[in-house]
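Let's look at a structure together and ask how each label on it is earned. Keep the picture open while you read.

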Amino acid sequence: MKINIPVRLKNPMFWIGLLGVIFTAMGVNPEMLTSWQLVGEALKNLISNPYMIVSVIVAIGGVFNDPTTKGIKDSERVMSRNKPV
């Protein structure tokens, strides 16, 4: 599995997608973002649910995957980059 992870980590859209996946799995809504205690409870509920953990892992795979290549890998062009385009 050849994925240029350092470049992905530098891309803000990667982080937006990752947070979207995690917040969706936690069931976050605007009312939950009014206190750290509510966010902590939602995170605790996520961690205690094996089905949701697997769902998050599968969704993170989708965030990492490059849809322009076959399988789970980056093209040679992407592998040669040092920063997002």
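Q: Before we start, what does "buried" mean here, and what are the opposite words "exposed" and "partly exposed" for?
A: A residue is buried when its relative accessible area is under 20%, exposed when that area is over 50%, and partly exposed in between. One more thing to keep in mind: this is a predicted model.

Q: Why is phenylalanine 14 called buried?
A: Phenylalanine 14 has 5% relative accessibility, and the cut-off for buried is under 20%. Because 5% falls under that limit, phenylalanine 14 counts as buried. You'll find phenylalanine 14 in helix H2.

Q: What is phenylalanine 14 in contact with, leaving aside neighbours within four places in sequence?
A: Its contacts are Arg8, Leu9, Val63 and Phe64. Take valine 63: the two residues are 49 apart in sequence, yet their C-alpha atoms are 6.8 Å apart in space.

Q: What makes valine 21 buried?
A: Valine 21 also sits in helix H2, which covers residues 12-26. Its relative accessible area is 17%, and since buried means under 20%, valine 21 gets the label. Not counting residues up to four places away in sequence, valine 21 touches Val56, Ala59, Ile60 and Val63. As for proline 67, 46 residues along the chain from valine 21, the C-alpha atoms of the pair are separated by 17 Å.

Q: How do you know that arginine 8 is buried?
A: Same test: the relative accessible area of arginine 8 is 13%, and that is under 20%, so buried is the right word. Arginine 8 belongs to helix H1. Leaving aside neighbours within four places, its contacts are Ile3, Phe14, Val63, Phe64, Asn65, Asp66 and Asp74.

Q: Why does valine 7 count as buried?
A: Valine 7 has 11% relative accessibility, which is under the 20% limit, so it counts as buried. Valine 7 is placed in helix H1, and it touches Arg81, Asn82, Lys83 and Pro84, once residues up to four places away are left out. Asparagine 82 is 75 residues along the chain from valine 7, and their C-alpha atoms are separated by 6.1 Å.

Q: What makes asparagine 4 buried, and where does it lie?
A: Asparagine 4 lies in the segment before helix H1 (5-10). Its relative accessible area is 8%, under 20%, so asparagine 4 is buried. Its side chain reaches the backbone oxygen of arginine 81 at 3.0 Å. Beyond neighbours within four places, asparagine 4 is in contact with Asp74, Val78, Met79 and Arg81.

Q: Why is leucine 43 called partly exposed?
A: Leucine 43 has 38% relative accessibility. That is not under 20% and not over 50%, so leucine 43 is partly exposed. Leucine 43 is found in helix H3.

Q: Which residues make the nonpolar surface patch, and which helices supply them?
A: Leu43, Ile47, Ile53 and Ile57 make a patch of about 360 Å². Helix H3 (36-47) and helix H4 (50-64) each supply at least two of its residues.

Q: How do you know that the span of H4 agrees with what it should be?
A: Count 1.5 Å times one less than the number of residues. For the 15 residues of H4 that gives 21 Å, and its end C-alpha atoms are 21 Å apart, so the two agree.

Q: Which residue caps the N-terminal end of H4?
A: That's asparagine 49: one of its side-chain oxygens lies 3.1 Å from the backbone nitrogen of tyrosine 51.

Conventions. Residues numbered from 1 in each chain as written. Predicted model: local features only at pLDDT ≥ 70, side-chain atom pairs only at ≥ 80, totals over all residues. Heavy atoms only, no water. Patch = residues over 30% accessible without salt bridge, like charges linked within 9 Å, V, L, I, M, F, W, Y side chains within 5 Å. Areas by Shrake-Rupley, 256 points an atom, 1.4 Å probe, with all protein chains shown as cover. Salt bridge = Lys/Arg side-chain N within 4 Å of Asp/Glu carboxyl O. Helix = DSSP H or I, 4+ residues; strand = E, 2+ residues; numbered from the N terminus. Buried < 20%, exposed > 50% of the residue type's maximum accessible area, 1.4 Å probe, protein only. Polar contact = N/O pair within 3.5 Å; in protein donor to acceptor, adjacent residues only side chain to side chain. Contact = heavy atoms within 4.5 Å.
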